[in-house]
Amino acid sequence: MEFNVFFAELSWWLLIVILYSRPLADIFQKKFFIYIVCKRKILGILCGLSALLHVLIFLTASGHLADFLLDSSFWSPNSFFGWGSLALVAMLFPFLTSNRFSQKFLKGKWKNFQRLAYVAFIFTGIHLSMLKGSWLVGFLPVLIWAGLWFWAEKRSDGEIDRKCST
Ligand code: HEM
């Protein structure tokens with residue numbers, strides 16, 4: 001497996017672990033899921049770093065590092081590149097604010113920055129579906145996650161957030 005693909009997969013699976021942990025913890029109240037919820041900051045940093053490495057290694061190897069921002073083919077919604085780039089932009093905000101300092105500094109707004117991870121997840125799902133030519137690959141994890149949220153919504157009482165706020 002090429003390095004850029006390794007980091008792509010790592011980032012995608014970390015996104016899944018991070019985003020699934022909260023609804024699963026709400027639904028099943030198991031220590032394991034609650035533990036992951038409480039470790040989301042560090043997992044988010046690893047996820048963002050992996051995504052950056054995926055992109056940087058690919059762009060360096062293909063000789064596009066210098067023109068990435070200016071080359072419109074990397075930003076077109078008709079190509080899987082465009083959705084990858086949008087996912088990267090959406091991920092930068094939760095990645096850069098995935099720490100205690102930002103949490104204290106941004107106060108109530110901090111959660112909104114973190115919620116951009118949902119957007120990054122959906123955009124990466126599109127990136128992946130377009131690349132593999134199968135909607136299931138990228139969308140199935142997004143659809144299951146949406147279903148879990150729906151289910152968890154009825155059970156959440158904010159208790160898990162309080163457990164992890166220290
Ligand atoms: C949050 C940002 C991103 C994530 C999480 C992500 C994730 C992924 C994943 C999971 C794959 C499939 C790897 C496989 O074949 O198993 C992939 C493939 C790929 N991505 Fe991304 N991606 C992101 C952004 C980007 C950007 C910005 C670019 C380029 C500008 C890009 C270029 C590629 C390319 C070229 C492949 C195919 C690699 C190969 O099969 O050789 N990605 N990405």
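# Exercises on the ligand site and the pockets

A polar side-chain atom of His-127 lies 2.9 Å from a nitrogen atom of the ligand. The exercises below concern a predicted model, and they begin from this contact.

**Exercise 1. Identify the space that the ligand takes and describe the residues around the ligand.**

Step 1. Begin with the side chains that approach the ligand through polar atoms. Besides His-127, the side chain of His-54 has an N or O atom 2.8 Å from a nitrogen atom of the ligand. Lys-132 places a polar side-chain atom 3.0 Å from an oxygen atom of the ligand.

Step 2. Assign these contacts to elements. Two or more residues of the shell around the ligand come from each of α1, α3, α4 and α6. Helix α4 gives the largest share, seven residues.

Step 3. Consider the shell as a whole. The ligand is surrounded by 24 residues, and the closest are Glu-9, His-54, His-127, Leu-128 and Lys-132. By class, 15 residues of the shell are nonpolar, seven are polar and two are charged.

Step 4. Locate the site. The ligand takes the space of the second largest pocket. This pocket has a volume of about 570 Å³, and 26 residues line it. Nearest its centre lie Asn-4, Ala-8, His-54, Phe-80 and His-127. His-54 and His-127 are thus named both among the residues closest to the ligand and among those nearest the centre of the pocket.

Step 5. Describe the lining. Helices α1, α3, α4 and α6 each supply at least two of its residues. The lining divides into 17 nonpolar, seven polar and two charged residues.

**Exercise 2. Describe the largest pocket by its volume and its lining.**

Step 1. The volume of the largest pocket is about 860 Å³.

Step 2. Its lining comprises 35 residues, with Arg-40, Trp-110, Lys-111, Gln-114 and Asp-161 nearest the centre. Two or more lining residues come from each of α1 (3–28), α2 (31–38), α3 (40–61), α4 (80–96), α5 (100–106), α6 (110–132) and α7 (135–153). The largest share, seven residues, belongs to α6.

Step 3. Sorted by class, the lining holds 17 nonpolar, eight polar and 10 charged residues.

**Exercise 3. Classify Thr-124 as buried or exposed, and find the backbone partner of its side chain.**

Step 1. Thr-124 belongs to helix α6.

Step 2. Its relative accessible area is 12%, and Thr-124 is therefore buried, the limit for this class being under 20%.

Step 3. A polar atom of the Thr-124 side chain lies 2.6 Å from the backbone oxygen of Ala-120.

**Exercise 4. Carry out the corresponding analysis for Ser-79.**

Step 1. Ser-79 is situated in the loop between α3 and α4.

Step 2. Its relative accessibility is 19%, so Ser-79 counts as buried.

Step 3. The side chain of Ser-79 has a polar atom 3.4 Å from the backbone oxygen of Ser-73.

**Exercise 5. Determine the class of Arg-115 by accessibility and name a polar partner of its side chain.**

Step 1. Arg-115 is part of helix α6.

Step 2. With a relative accessibility of 41%, Arg-115 counts as partly exposed, because this class lies between the limits of 20% and 50%.

Step 3. The side chains of Arg-115 and Asn-112 form a polar contact at 3.0 Å.

Step 4. Relate Arg-115 to another part of the chain. Ala-87 is 28 residues away along the chain, and the C-alpha atoms of Arg-115 and Ala-87 are separated by 13 Å.

Methods: Residues are numbered from 1 along each chain as its sequence is written. This is a predicted model: local features need pLDDT of at least 70, side-chain atom pairs count only at pLDDT 80 or more; totals for chains, interfaces and linings use all residues. Side-chain values use heavy atoms; hydrogens and water are left out. On a 1 Å grid over the protein atoms alone, a cavity is a set of points where a 1.4 Å probe fits but cannot get out, and a pocket is an open set with protein on both sides within 12 Å along at least five of seven lines; lining residues have an atom within 4 Å of a point. Grid points are joined across faces, edges and corners, and a volume is the space filled by probe spheres set on the points. Helices (H or I, at least four residues) and strands (E, at least two) are DSSP runs, numbered from the N terminus. Ala, Val, Leu, Ile, Met, Phe, Trp, Tyr, Cys and Pro count as nonpolar, Asp, Glu, Lys and Arg as charged, and the others, Gly among them, as polar. A residue is near a molecule or strand if one of its heavy atoms lies within 4 Å of it. A polar contact is a pair of N or O atoms within 3.5 Å; within protein, one must be able to donate a hydrogen and the other to accept it, and residues adjacent in sequence count only if both atoms are side-chain atoms. A molecule sits in a cavity or pocket if more than half of its atoms lie within 2 Å of its grid points. Buried means under 20% relative accessible area, exposed over 50%, partly exposed in between (1.4 Å probe, protein chains only).
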